[in-house]
Amino acid sequence: MSVRLLTAIVALPFVALVLILHGAIPGYSMPAFGQALWVIGFAQSFANSLSIFASDIGNPASAAIAFGLPAALATAAFLKLGFDAADAYSLAFASWLLLAFWGCYRLGRLLNVGRLLSLSGAAMWLSTPMLWMHESYSATALGMSLLPFYAMCAWPIVWADGPVLRAFPLFVVAAVIAVFMDGYTFMMFAVAVGCTWIVGALRRSGPWTRSALRIGLAGAAFLIAYVLYVLYIGRTSFDLVSLDIFRGWGANIEFLLRPVLGLLWLSDWTGFAESRSATDYFGDPSVFTTSHAVFLMLAAAVGLIINRGDRRAVYAFIAIALIGFYFSLGPSFKFYAMKPGGVVGGAMPETYAPIPTGTAWISSNLPGFDAMRAAYRWSALGMFGLWAAFMASTAARRSLAGVPILVACAVMLLNLPHMTWLDTYIDHRQNMLAVEAVASNIDQNFTDGERVFFAPWGNDFFVTFLAPTIGISAFNIGGDKNMAIAVKQWPDVLQAFPQREADRTIGPNYADLVTTVLTTKTADAVALSFIDNFAPTQGWPVDQEFKGDLLRLADTLEANPALSVTRTDDYAIIRLRH
């Protein structure tokens with residue numbers, strides 16, 4: 001039996017564990033539901049038009065997906081092959097996770113780590129809760145998972161001896177995947193490359209021109225990726241947020257050192273986990289549930305004790321870890337900093353955390369860094385540095401040496417969640433199947449290709465899924481960035497409609513606005529939405545909070561002989577009478 005085949009066989013249980021932890025089991029589970037609606041909507045539109053722009057949503061212009069293009073394209077491919085939405089999404093994520101697993105393995109081999117430890121190390125990384133807990137943020141989880149793959153692609157240029165020009169195309173591919181997958185991890189990748197290059201330059205005794213060539217090639221790869229992203233998205237930046245957001249979504253120091261109660265079964269059983277409530281902390285629950293890195297810290301400490309590999313490589317990865325965790329704190333140091341009673345929202349004024357970390361200027365002024373508003377996510381870079389330091393420190397040892405493999409398996413065991421967490425992946429798939437059935441019922445009330453405006457409008461995740469699925473063209477779209485782009489291109493009469501999140505009442509001018517939209521042929525139909533089209537991200541059915549007011553509005557509009565009204569379970573659809 002060949003070594004490669006044996007390696008693949010040994011890898012199977014590790015891969016199975018990774019797919020289970022991420023919920024990417026087609027036909028059984030689904031990694032996420034809420035943001036999956038958004039990704040699947042774009043993917044379906046890509047499949048409909050065979051384009052990387054969505055023509056069914058965000059009209060009048062075609063829409064570029066703000067992040068997660070590689071995940072959406074993979075989902076589109078499986079949709080085109082005939083899979084239903086839930087399984088296409090799971091297959092797409094499973095495919096990218098397999099690439100991430102291979103990248104971990106290959107990086108281990110480049111670090112001169114044995115095959116078995118490289119396999120167990122790959123599973124160790126991909127079992128990190130920071131990764132699978134971010135599946136609800138769709139492509140962000142994939143970007144974090146792919147950090148070792150990105151490092152593997154960059155390694156021949158920024159570190160390894162030998163020809164560098166031959167490795168440049170793969171580096172470009174990694175940078176392009178990173179920037180389109182998720183902006184957070186694109187920045188992490190760039191920081192990791194810069195740090196590794198600095199240490200690598202210090203270790204070399206050759207001419208400085210060779211080190212300059214290496215960083216020049218790395219910079220060119222990132223520049224190519226950035227330019228392609230700007231050309232695709234059509235803008236260089238989005239609206240910035242205040243430092244209070246960076247501060248609120250920065251990690252408390254204790255978050256890094258202890259897991260939250262109710263997540264990991266072994267930590268709960270031993271009493272090591274700490275109880276935390278969303279009402280007590282700034283930011284949102286992802287800040288205090290995902291940031292713990294203590295088990296990787298222990299693994300890195302064991303690696304430093306073993307320390308049989310390239311010490312400079314270990315030091316480079318430790319530097320990456322320190323930088324990642326430092327930025328994850330945000331503009332202020334926080335240790336058990338709690339939200340005072342009566343404070344609403346996740347933003348954190350400086351008065352509640354007055355000790356600065358020194359990153360405020362960077363977060364306010366440096367391009368790329370100023371978009372990393374969820375500062376705690378930098379801890380993913382810190383965790384990658386710890387994991388890579390552990391792997392590098394065990395290099396030049398035989399895989400069956402024992403201790404490093406036991407450490408990797410122990411970290412996997414410590415990172416296992418309660419079964420109730422895995423059950424949520426099954427619920428995601430059931431929710432997706434339910435929403436697909438709802439879309440099928442709605443389909444009969446619309447005409448293929450007609451231009452529809454859904455009102456009240458807002459962050460319309462459900463419309464993003466619905467429109468491409470049933471074959472209509474919607475002005476509405478979901479996602480903060482995509483919504484901001486689309487609204488600026490809307491005709492004035494559509495912009496005159498109040499945004500749902502800002503005004504949850506149906507004003508007296510609604511009838512005139514709807515009539516104007518139709519008589520000016522801005523849209524072929526106006527769908528008065530009884531539901532909040534963001535609410536289905538939490539599952540189906542949802543409350544019909546606007547139904548009473550909108551049915552009365554529909555009655556008023558029906559009195560106009562020029563208009564026709566079609567009433568459905570969730571919408572009143574207004575059209576010109578033919």
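**Exercise 1.** In which loop does L50 lie, and is L50 buried or exposed?

Solution. The model is predicted: local features need pLDDT of at least 70, side-chain atom pairs count only at pLDDT 80 or more, and totals for chains, interfaces and linings use all residues. Residues are numbered from 1 along each chain as its sequence is written, and side-chain values use heavy atoms, with hydrogens and water left out.

- Step 1. L50 is found in the loop between helix 2 and helix 3. Helices (H or I, at least four residues) and strands (E, at least two) are DSSP runs, numbered from the N terminus.
- Step 2. The relative accessibility of L50 is 69%, so L50 counts as exposed. The classes are buried (under 20% relative accessible area), exposed (over 50%) and partly exposed (in between), with a 1.4 Å probe and protein chains only.
- Step 3. The phi of L50 is near 50 degrees, which is positive although the residue is not glycine.

**Exercise 2.** Place N112 and give its phi and its accessibility class.

Solution.

- Step 1. N112 sits in the loop between helix 4 (85-110) and helix 5.
- Step 2. Its phi is near 70 degrees, again a positive value in a residue other than glycine.
- Step 3. N112 has 49% relative accessibility and therefore counts as partly exposed.
- Step 4. For background, most residues other than glycine have a negative phi, and most peptide bonds are trans.

**Exercise 3.** Locate the cis peptide bonds that precede P60 and P456.

Solution.

- Step 1. The bond from N59 to P60 is cis, with omega near 20 degrees. P60 belongs to the loop between helix 2 (34-49) and helix 3 (69-80).
- Step 2. A455 and P456 are also joined by a cis peptide bond, where omega is about 0 degrees. P456 belongs to the loop between strand 1 (451-455) and helix 22.

**Exercise 4.** Describe the surroundings of F461.

Solution.

- Step 1. F461 is part of helix 22 (residues 461-470).
- Step 2. With 6% relative accessibility, F461 counts as buried.
- Step 3. Neighbours within four places in sequence are set aside; F461 then has contacts (heavy atoms within 4.5 Å) with G34, Q35, L37, W38, G478, G479, N533, F534 and T537.
- Step 4. F384 is 77 residues from F461 in sequence, and the C-alpha to C-alpha separation is 32 Å.

**Exercise 5.** Compare the length of helix 5 with its expected span, and state how many of its residues are buried.

Solution.

- Step 1. Helix 5 (residues 115-126) has 12 residues. The expected span is 1.5 Å times one less than the number of residues.
- Step 2. From first C-alpha to last, helix 5 reaches 17 Å, close to the expected 16 Å.
- Step 3. Helix 5 is mostly covered, with 10 of its 12 residues buried; among them are L117, L119, M124, W125 and L126.

**Exercise 6.** Characterise the chain as a whole, starting from its helices and strands.

Solution.

- Step 1. The chain contains 26 helices and 5 strands.
- Step 2. Its radius of gyration (over C-alpha atoms) is 25 Å, close to the 25 Å from the globule rule for 578 residues, so the chain is as compact as a globular protein of that length. The rule is 2.2 Å times the number of residues to the power 0.38.
- Step 3. The C-alpha trace spans about 85 × 55 × 50 Å along its principal axes.
- Step 4. Of the 578 residues, 57% count as buried.
- Step 5. Among contacts between residues at least 6 apart in sequence, 75% join residues at least 24 apart.
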